[in-house]
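Trainee: I'm new to this structure and would love a close look at one part of it. Could you walk me through the largest nonpolar core and what sits around it?

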Amino acid sequence: MWYMSVSGPAKKWSDADLLFLVATAPEPFITATELTDQTGYTRENVRTRLNNLVEEGYLEAKTVGASAKIYWLTPTGRRRASESARQS
């Protein structure tokens, strides 16, 4: 899979880690459901974290269809994701 696998004790995902997951997604955007599957966090927790990253200027978001929301990196978010990749 294209993302880090979750096994064993729950991993704490930093904002930079979440941005890295968005950056390495196979599409140029990601949904909260995809991150829920990857992180093991609840959908509500993931949505809250993503919306905070939108407010902080790291992500953009758009509602598509009836209720789906997609998220993608801003240039600032891409730089932060790159920093996370270098620290790994």
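Mentor: Happy to; we'll start with confidence, go on to the core, and finish with two residues of interest.

Please keep in mind that this is a predicted model. The protein chain has a mean pLDDT of 86, with 84% of its residues at 70 or more. Residues 1-9 are a stretch to read with care: their pLDDT is below 50, and the stretch has 16 contacts in the model beyond near neighbours in sequence. Among the helices and strands, confidence is highest in strand 2 (residues 59-64), at a mean of 96, and lowest in helix 4 (residues 75-87), at 83.

Now to the core itself. The largest nonpolar core holds 17 residues, and those touching the most other members are L19, V22, I30, L35, L50, L53 and L59. At least two core residues come from each of helix 1 (15-23), helix 2 (32-39), helix 3 (43-55) and strand 3 (68-73). Helix 1 gives the largest share, four residues.

Let's pick out L35. Leaving aside residues up to four places away in sequence, L35 touches L21, V22, I30, G40, V46 and L50. Of these partners, V22, I30 and L50 are also listed with L35 among the core members that touch the most others.

Next comes T36, which lies in helix 2. T36 counts as buried because its relative accessible area is 14%, under the 20% cut-off. With the same sequence neighbours left out, T36 touches Y41, T42, R43 and V46. V46 is thus a contact of both L35 and T36.

Notes
Residues numbered from 1 in each chain as written. Predicted model: local features only at pLDDT ≥ 70, side-chain atom pairs only at ≥ 80, totals over all residues. Heavy atoms only, no water. pLDDT = per-residue confidence, 0-100. Contact = heavy atoms within 4.5 Å. Core = buried A, V, L, I, M, F, W, Y, C linked by side-chain atoms within 4.5 Å. Buried < 20%, exposed > 50% of the residue type's maximum accessible area, 1.4 Å probe, protein only.
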